[in-house]
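Okay, thanks for making time, everyone. Let me put the model up, and then I'll talk you through a few parts of it.

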Amino acid sequence: MTALDHALAQAVKPLVDAMGGVLMEPGEAAEDDVILSWEGEEVLAVRLPQLADSLDHILAALERQHGRPLAELDRRTKQSIVRTLESRGAFSVRHGVETVAGALGVSRFTVYNYLNREKSPSEG
């Protein structure tokens, strides 16, 4: 039985895939990889993606969730996506605003407006 056949691998695979990570045998792990244990035995290693790659995977997951390209969504939905991405730290990634703007089919200025709209007091 390989590490990828283990019950732990099957349990965490959807999460690792959504993050853009890679599952591997513990013996293949590099220093930065995360080793997962099951009942005291190392059974699986996870290589996490670079932060910028994670944003691409998050955007792809949002497209799958909405069933179409993000640029085709209505303004209210795009605003909601920007709020979600902000809460997940997407805009702390270098070029995060540009990446999100491109995916949403809007300008950087529009993304900043969506962000600022949430921070200003709501009107009437």
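I'll start with the ground rules, then go through a helix, a sheet, one residue, and an annotated span.

So, this is a predicted model: local features need pLDDT of at least 70, side-chain atom pairs count only at pLDDT 80 or more, and totals for chains, interfaces and linings use all residues. Numbering starts from 1 along each chain as its sequence is written, and side-chain values use heavy atoms, with hydrogens and water left out.

First up, helix α1, residues 7–19. Helices here are DSSP runs of H or I with at least four residues, strands are runs of E with at least two, and the numbering goes from the N terminus. How does the span of α1 compare with what it should be at 1.5 Å a residue? The expected span is 1.5 Å times one less than the number of residues, so the 13 residues of α1 should cover 18 Å, and the end C-alpha atoms are 19 Å apart, which agrees.

That said, α1 has a kink of about 45° at Lys-13, shortly before the proline Pro-14. The bend at a residue, by the way, is the angle between axes fitted to the seven residues ending there and the seven starting there.

Which residues of α1 are buried? Those include Leu-8, Ala-9, Val-12 and Val-16. Buried is under 20% relative accessible area, exposed is over 50%, and partly exposed is in between, with a 1.4 Å probe and protein chains only. As a reminder, an α-helix has 3.6 residues a turn, so residues three or four places apart point the same way. The cover over the buried residues of α1 includes β1 (22–24), β2 (34–38) and β3 (41–47). Right after α1 comes Gly-20, with a positive phi near 85°.

Now the sheet. There are three strands in an open sheet, ordered β1-β3-β2, with antiparallel pairing. β1 and β2 are at the edges with a single partner strand each, so one side of each has no neighbour in the sheet. Strands count as paired if DSSP finds at least two bridges between them.

β1 pairs with β3 over three bridges; among the partners, Leu-23 goes with Val-46 and Met-24 with Ala-45. β2 is joined to β3 by five bridges, with Leu-36 partnering Leu-44 and Ser-37 opposite Glu-42. β2 and β3 make a hairpin with two residues between them, and Glu-39 in the turn has a positive phi of about 50°.

Let me stop at Ala-45, in β3. Its relative accessibility is 0%, so Ala-45 counts as buried. Leaving out neighbours within four places in sequence, Ala-45 has contacts (heavy atoms within 4.5 Å) that include Val-22, Pro-26, Ala-29 and Ile-35.

Last thing: an unreviewed UniProt entry annotates residues 55–116 as "domain: Transcriptional regulator DauR-like HTH". UniProt positions are in the numbering used here, feature names are shortened, and annotations may be inferred rather than shown by experiment. In the model, that span is 69% helix and 0% strand, and its end C-alpha atoms lie 21 Å apart.
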